[in-house]
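Let's take a walk through a protein model together. Have a look at the sequence and the picture, and then we'll go through a few spots step by step.

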Amino acid sequence: MMKVLRLAAVAALLVPGYVAMSSVYTVSEIEQTIITQFGKPVGDPVTSAGLKLKLPFVQEVNPIDKRVLEWDGSPSDMPTKDKLYISVDLFARWRITDPLQYFLRLRDERSAQSRLDDILGSETRNAVAKHELIEIIRTTKDRVPLRDALLTDAERKLDMGALVPIQKGRKLVEEEIFSAASDKVRVFGIELLDIRFKRINYNESVRPKIYDRMISERRQIAERFLSEGNGEAARIRGNRVRDLNKIQSEAYRQVEEIRGLADAKATEIYAGAYNQGPESVEFYEFTRTMQAYKSIIAANTTLVLSTDSDLFKFLKGMTPVGAGVPPPRDQGPSVKAASTSGKP
């Protein structure tokens, strides 16, 4: 009997405590709750933090996150307007603003992430398909590129180094996706806060072809610069040869002028030296004639001179070796005088 009374006393203490514990719950600062009774929501959502009451046993607390949540989509391949397949990786930030609607339609965060995958993926695909690749990659349409200072005026007129013009840019494309997706997720009690492209890359299947085309374009530009450089080098070499020839001809002209002045001065000095008297003139004639002999007479030379020739004048008084006997043909020159009167 005493044992039964003790069990009854313990039960009388535990049951009220358990009932009290089942009727009390806490809400943290980062949560909001929905109270359900037999699986159906009752009352308004509890959004303030603190100690709250509910009916024990029949009511259940369903916590819902109140913080800013992240959505990080998987990269997916999609075509652009200019038929280029790209891999787009997107991320977004969102939060639950209507917990009751969120609970009725989605129940938990896993379902919300799945629904965001569908909506954001669909809107991203639609936006990418309506724009060319350059519109998705470039950020602003008014950006001024940095140009090489070595570009010529002709190259600048050809818009070399200029950016391809765009109409919108990546920021406006993101805003289009954000605007279209915000309306669709609002019915689930979700507010879309932000959306951004995390990475845009070419599809794996077309990436080698794109890289090959880029390499080919760079090579064409390099070859063009190389040909222009070779042309400029040839022009510089031509100018160098022309300038060198001009310098050499100018130097040759100056040398000839200096040489002519020197010869004239030397002639003047010679003339002044040899015209000092009759003896000087005679000595000058003798020495010049001797120099002339040395220049024009060699071994086996035969000269035919007039008897009144200046060259023959100094040969008149010469007696040949072995008078009366003609010299051998190989021992020296022979001189024959021709009389001016026609007699031998």
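Along S6, which side chains point to one face and which to the other? Leu 69 and Trp 71 point to one face and are buried, while Glu 70 and Asp 72 point to the other and are not. "Buried" here means under 20% relative accessible area, "exposed" means over 50%, and "partly exposed" is in between (1.4 Å probe, protein chains only). In a regular strand the side chains alternate between the two faces of the sheet.

Before going on, some housekeeping: this is a predicted model, where local features need pLDDT of at least 70 and side-chain atom pairs count only at pLDDT 80 or more, while totals for chains, interfaces and linings use all residues. Residues are numbered from 1 along each chain as its sequence is written, and side-chain values use heavy atoms, with hydrogens and water left out. Strands (E, at least two residues) and helices (H or I, at least four) are DSSP runs, numbered from the N terminus.

Back to S6. Four bridges join S6 to S8, and the two strands run antiparallel; strands pair if DSSP finds at least two bridges between them. Asp 72 has Phe 91 as its bridge partner in S8.

Now for charges. Side chains of opposite charge can pair when their charged atoms come close. A salt bridge is a side-chain nitrogen of Lys or Arg within 4 Å of a carboxyl oxygen of Asp or Glu, and by this rule the count comes to 16 salt bridges. One of them joins Glu 70 and Arg 93, at 3.6 Å from N to O. Glu 70 sits in strand S6 (residues 69-72) and Arg 93 in strand S8 (residues 85-96), 23 residues apart. Arg 93 counts as partly exposed because its relative accessibility is 30%.

Next, try two helices. The axes of H3 (residues 109-129) and H6 (residues 170-185) come within 9 Å and cross at roughly 145°. Axes are lines fitted to C-alpha atoms, for helices over the stretch in contact, and angles run from 0 to 180 degrees between N-to-C directions.

This pair of helices has a salt bridge too: Lys 184 and Glu 123 meet at 2.5 Å, N to O. Lys 184 belongs to helix H6 and Glu 123 to helix H3, 61 residues apart. So is each partner buried or partly exposed? Lys 184 counts as partly exposed because its relative accessibility is 41%, whereas Glu 123, at 9%, counts as buried.
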